[in-house]
Amino acid sequence: MQVDEMEFYNRLLDYHHILFLCHRNADPDAVSSAFALSEAIGGTVGLVEGCNRLAALLVDRLGIEVVDGPDPENYEFIVVVDTSTSSQLNDIKLSNYCVIDHHSTTALTEKADFYLHSRATSTAEIVYKILKSMGAPITRRTALGLISGIITDTGHFKHANSCTFRNLAEIIESSGVEYAEVLEMMATAPQDISLRMAMLKSAQRLEIERVDEWLVVTTHVSSFGGAASSMLINIGADVALVATTCDGSIRVSARAKRDAVNAGVNLGKIMENISEHYYGTGGGHPGAAGIDVVTDVNQILSECKKHVLETLKRETVKNENR
C-alpha cells in the first residue's frame, strides 16, 4: 500500500529495532537516505554488500555506523532504501519490510507491508520531505549526506528538474551547509587504479553502432559497469550499454543522454521487459537502468542494443516524415 511522507513516519513508530537496508555496492543516495532516516527515527544502516567509492567516503567523513551483510532476522522491521529489485539485495529473504524508492520500476513494493514511492530524481529528496513533514532538524551531517546523494543520483544535475533544485535549496537554507563544501568533500575521494583500468578497458573493447545522428555503444568489463557507462556517455555516446559478469550472472548497466530519452528511449522499461524473457530482474530510470540475468554476455548485450536501436530508428523515421 502506498503511503505519504507523514504516514510512512508514523508507521515506523510502531517498531523499535529497524534496519535501513541499502542495495549492494550502495551509492551515496542509498547510504545518505538510510543514514538520515536512522538519525531521525532510530535504527541501523545496513549494507547488503559494501558500497561504492563515494559512499565509502561519506561513511568515513560523516562517521556513519554501518553493518555490512546484516541478517534481516535480527531486526524487527526492514526499510529497504533506494532499491527496485530483489537481485540488488542479493535475493535475501525479507518478511516484514517496507520500501522507500524513486526508480520508475519498483518490483519490491508488491510484497511490502507498505511503501513510499515517488518519481523524484533521488531517494534523498523523498527522505528530505519525510524529515520536513515530521519537523525533524536537518543537521550538518544529514545535509552533507543528502546533498551528496542528490548530486550523484542526478549525474551532477543532468537529470535534475525544478523540484530537485527546490529541495536542494531548502536543505542548504535549513542546514547552513554550503554547496561548495559538499563538492570539495566529494572531490577528495581517491581514484582507485582498478576503476581507472576498467574505464580504459571499456573504451578499448567498445563497439559502436550509428542510427542517423545517434551513437549506441556496447562493451564489457569485469567491474565498475555503471561508472563505465556514465563515462562513455560523457565522451560522446548517446546510449551506453556495459556488461559485467559476477558469479555466472550478467549485469548490464545502461545510460542514455537526455536527448535520447526525449526521443523515446526508456532504459528502465527496456530492461524490465527484457528481464522477463530471461527470468531475471531489470529496471531503473529512463536514462539510467540495469538488468541482471543468467545468459551469454554477447546475447544480452545484443538484445538490449536491439531494443534501443528500434526505438531510435522509429524516431528517425518519424522525423523524416514530418
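**Entry 1: strand β4 and its neighbours**

I began with a single pair of residues and noted that L21 stands opposite V80 in β4. This is a predicted model, and I kept that in mind for each entry that follows. Looking up the strands behind that pair, I found that β1, residues 18–22, pairs with β4 in the parallel sense over five bridges. I then turned to strand β5, residues 97–101, and saw that it runs parallel to β4 and is joined to it by four bridges. As a point of reference for this second pairing, I wrote down that I78 stands opposite Y97 in β5.

Next I asked which residues of β4 point one way and which the other. F77, V79 and V81 point one way from the strand, I78 and V80 point the other way, and all of them are buried. Because five of the five residues of β4 (residues 77–81) are buried, I recorded the strand as largely enclosed by the rest of the structure.

**Entry 2: the two sides of helix α7**

I moved on to helix α7, residues 179–187, and listed its buried residues as V182, M185 and M186. These cover an arc of only 95° around the axis, which puts them on the same side of α7. On the other side of the helix I found E184 and A187, which are exposed. When I looked for what covers the buried residues of α7, I noted that the cover includes α3 (53–61) and α5 (140–153).

**Entry 3: the cavity**

I then searched for enclosed space and found that the structure holds one cavity of 30 Å³ or more, with about 30 Å³ of space in it. Its lining consists of P28, L54, L57, L58, S148, T152, M185 and M186, so two names from my α7 entry, M185 and M186, came up again. Helices α3, α5 and α7 each supply at least two residues of this lining, and α3 gives the most, with three residues. Sorted by class, I counted the lining as six nonpolar, two polar and no charged residues.

**Entry 4: the second largest pocket**

Last, I looked up the second largest pocket, which has a volume of about 450 Å³. Of the 21 residues that line this pocket, the closest to its centre are T85, S86, A107, L108 and E110. Both α11 (267–277) and β11 (281–284) supply at least two residues each to the lining, and the largest share, three residues, comes from α11. By class, the lining of this pocket divides into six nonpolar, nine polar and six charged residues.

Definitions and conventions
Residues are numbered from 1 along each chain as its sequence is written. This is a predicted model: local features need pLDDT of at least 70, side-chain atom pairs count only at pLDDT 80 or more; totals for chains, interfaces and linings use all residues. Side-chain values use heavy atoms; hydrogens and water are left out. Buried means under 20% relative accessible area, exposed over 50%, partly exposed in between (1.4 Å probe, protein chains only). The arc is that of the directions from the helix axis to the C-beta atoms. Contact means heavy atoms within 4.5 Å. Two strands pair if DSSP finds at least two bridges between them. On a 1 Å grid over the protein atoms alone, a cavity is a set of points where a 1.4 Å probe fits but cannot get out, and a pocket is an open set with protein on both sides within 12 Å along at least five of seven lines; lining residues have an atom within 4 Å of a point. Grid points are joined across faces, edges and corners, and a volume is the space filled by probe spheres set on the points. Ala, Val, Leu, Ile, Met, Phe, Trp, Tyr, Cys and Pro count as nonpolar, Asp, Glu, Lys and Arg as charged, and the others, Gly among them, as polar.
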